[in-house]
Amino acid sequence: MMGAVWSLLGILSGAFIAIQAPINSQLARGLGLPVAAAAFSFLSGAIVLGIIAVAVVRLQGISLDWKAPAPWLFVAGGMLGGFYVTLSTILTPRIGAAALMAFLVAGQLIAGMLVDRAGFLGVAVREISLGRVAGAVLLLAGALLIRLY
């Protein structure tokens, strides 16, 4: 049962990404600068998540260990997210939301295969098999079909 719930939440997260891109693109058109739209998107998200984090810490009595993570981890995810949001804001009006989502998924799969292969940051090591490569090629072909036709 929980597996189905997690799968549905994954689908919902993907839907949010597809909806976020045109929202940020519209904000960029209004502001006149995609990077500004991405910055305000991140700022509003950071404020909401900060409020939620403070509430969870207080409700659960958790004490955050600010010294445990490597310092670069505090900025790396946000930096990558900033590139993603900015590029999505720029690309959505140019190639469309469906094509953008298709290329995003293809890029995620290819990068995920490399992350798995390297065991990056403690991820379980999984070999790059012929089946995985074929799946990535088919996904990339699908993305190209969505973009071109």
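Leaving aside neighbours within four places in sequence, which residues is Thr89 in contact with? The answer is a short list: Asn24, Ser25, Ala28, Pro34 and Ala37. Thr89 belongs to helix α3, which covers residues 73-95. With a relative accessibility of just 2%, Thr89 counts as buried, because the cut-off for buried is under 20%. Keep in mind as you look around that this is a predicted model.

**The whole chain**

Let's step back a bit. The chain has 5 helices and 0 strands, so to read its elements from the N terminus you just say α-α-α-α-α. Measured out along the principal axes, its C-alpha atoms fill a box of roughly 50 × 45 × 35 Å. There are 149 residues in the chain, and 18% of them are buried. The accessible surface comes to about 10500 Å², and carbon and sulfur atoms account for 76% of that. What about contacts along the chain? Taking those between residues at least 6 apart in sequence, 59% join residues at least 24 apart.

**What the record says**

UniProt, in an unreviewed entry, places the feature "transmembrane region" at residues 36-59, 71-91, 97-116 and 128-148. Two of these spans can be checked against the model. Residues 71-91 are 90% helix and 0% strand, with 31 Å between the end C-alpha atoms. Residues 128-148 are also 90% helix and 0% strand, and here the end C-alpha atoms lie 28 Å apart.

**A nonpolar patch on the surface**

Now for the outside. Ten names make up a nonpolar surface patch: Ile110, Leu114, Ile128, Val133, Val137, Leu140, Leu144, Leu145, Leu148 and Tyr149, with about 970 Å² of accessible area together. Two elements, α4 (97-118) and α5 (130-148), each give two or more residues to the patch. The largest share, 6 residues, comes from α5. One patch member in that helix is Leu145, which counts as exposed because its relative accessibility is 52% and the cut-off is over 50%.

Is every part of α5 turned outward like that? Ala136 also sits in helix α5, yet Ala136 counts as buried, because its relative accessibility is 10%. Beyond residues up to four places away in sequence, Ala136 touches Leu109, Ile110 and Met113. Leu109 is 27 residues from Ala136 in sequence, while their C-alpha atoms are 6.6 Å apart in space. Ile110, another of these contacts, is part of the nonpolar patch too.

**A pair of rings**

How many aromatic pairs does the structure hold? There is 1. The partners are Trp66 and Phe74: their ring centres lie 6.1 Å apart and their planes meet at 20°, so the pair is stacked. As for cover, Trp66 is exposed at 59% relative accessible area, whereas Phe74, at 42%, is partly exposed.

Here are the relative accessible areas of the residues we have met:

| Residue | Relative accessible area | Class |
|---|---|---|
| Thr89 | 2% | buried |
| Ala136 | 10% | buried |
| Phe74 | 42% | partly exposed |
| Leu145 | 52% | exposed |
| Trp66 | 59% | exposed |

How values were computed:
Residues are numbered from 1 along each chain as its sequence is written. This is a predicted model: local features need pLDDT of at least 70, side-chain atom pairs count only at pLDDT 80 or more; totals for chains, interfaces and linings use all residues. Side-chain values use heavy atoms; hydrogens and water are left out. Patches are made of residues with over 30% relative accessible area and no salt bridge: like charges are joined within 9 Å, nonpolar side chains (Val, Leu, Ile, Met, Phe, Trp, Tyr) within 5 Å. Accessible areas come from the Shrake-Rupley method with a 1.4 Å probe; for residues, only the protein chains shown count as cover. A salt bridge is a side-chain nitrogen of Lys or Arg within 4 Å of a carboxyl oxygen of Asp or Glu. Helices (H or I, at least four residues) and strands (E, at least two) are DSSP runs, numbered from the N terminus. Buried means under 20% relative accessible area, exposed over 50%, partly exposed in between (1.4 Å probe, protein chains only). UniProt positions are given in the numbering used here, feature names are shortened, and annotations may be inferred rather than shown by experiment. Contact means heavy atoms within 4.5 Å. Rings of Phe, Tyr and Trp (its six-membered ring) pair if their centres lie within 6.5 Å; planes under 30 degrees apart count as stacked, over 60 as edge-to-face and the rest as tilted.
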